[in-house]
Amino acid sequence: MWRIVARTRQSERELQTVQQHYSSILFYDLFGPLMTIRDVVHNAQNLKAKDQEALLDYATVLSEQLSSKVRGMLDFTHIE
């Protein structure tokens with residue numbers, strides 16, 4: 001009986017660790033770039049065409065990086 005309780009507590013701690021890890025990823029690796037993309041697009045709306053192109057290229061790179069991170073998060077094959 002105590003072994004089952006100990007395993008359950010260990011599993012709960014492991015789950016909390018995974019949740020904290022993914023919460024950190026969500027905040028820093030996803031939310032941050034989304035806000036940057038939003039700001040870049042907003043700023044590009046007020047610039048000349050040449051400057052807009054550079055900012056929008058940067059937004060494209062950020063969105064591609066973000067997409068890659070989301071795909072990586074959705075790949076549950078690495079979680080045992």
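How many helices and how many strands are there in the chain? Here are some friendly notes on that and on what follows from a walk through the model.

1. **Fold content.** Please keep in mind that this is a predicted model. The chain has 2 helices and 0 strands. With a radius of gyration of 20 Å, well over the 12 Å that the globule rule gives for 80 residues, the chain is more spread out than a compact globule.

2. **Overall dimensions.** The spans of the C-alpha trace along the principal axes fit nicely beside that: about 70 × 20 × 10 Å. Of contacts in the chain between residues at least 6 apart in sequence, 52% link residues at least 24 apart.

3. **Surface and burial.** Of the 80 residues in the chain, 12% are buried. The exposed area of the chain comes to about 6,900 Å², and 58% of this is supplied by carbon and sulfur atoms.

4. **The nonpolar core.** You may like to colour this one in your viewer. The largest nonpolar core has 8 residues in all: Ile 25, Leu 30, Ile 37, Val 40, Ala 59, Leu 62, Leu 66 and Met 73. Two or more residues of this core come from each of α1 (2-44) and α2 (49-74).

5. **Ile 37 in that core.** Ile 37 is a good residue to centre on, being a member of the largest nonpolar core. Setting aside neighbours within four places in sequence, its contacts are Ala 59, Leu 62, Ser 63 and Leu 66. Ala 59, Leu 62 and Leu 66 are also listed in the core.

6. **Leu 55.** This residue sits in helix α2. Leu 55 has a relative accessible area of 22%, so it is classed as partly exposed; the cut-off for buried is under 20%. Beyond residues up to four places away in sequence, Leu 55 touches Val 40, Asn 43, Ala 44 and Leu 47. Val 40, one of these partners, belongs to the largest nonpolar core. As for Ile 25, another core member, its C-alpha atom is separated from that of Leu 55 by 25 Å, with the two residues 30 apart along the chain.

7. **A nonpolar patch outside.** Worth a look on the surface is a nonpolar patch formed by Phe 27, Tyr 28 and Phe 31, whose accessible area together is about 370 Å². Tyr 28 lies in helix α1. Its relative accessibility is 59%, which is why Tyr 28 counts as exposed; the exposed class starts over 50%.

Conventions: Residues are numbered from 1 along each chain as its sequence is written. This is a predicted model: local features need pLDDT of at least 70, side-chain atom pairs count only at pLDDT 80 or more; totals for chains, interfaces and linings use all residues. Side-chain values use heavy atoms; hydrogens and water are left out. A nonpolar core is a set of buried Ala, Val, Leu, Ile, Met, Phe, Trp, Tyr and Cys residues joined through side-chain atoms within 4.5 Å. Buried means under 20% relative accessible area, exposed over 50%, partly exposed in between (1.4 Å probe, protein chains only). Helices (H or I, at least four residues) and strands (E, at least two) are DSSP runs, numbered from the N terminus. Contact means heavy atoms within 4.5 Å. Patches are made of residues with over 30% relative accessible area and no salt bridge: like charges are joined within 9 Å, nonpolar side chains (Val, Leu, Ile, Met, Phe, Trp, Tyr) within 5 Å. Accessible areas come from the Shrake-Rupley method with a 1.4 Å probe; for residues, only the protein chains shown count as cover. A salt bridge is a side-chain nitrogen of Lys or Arg within 4 Å of a carboxyl oxygen of Asp or Glu. The radius of gyration is taken over C-alpha atoms; the globule rule is 2.2 Å times the number of residues to the power 0.38.
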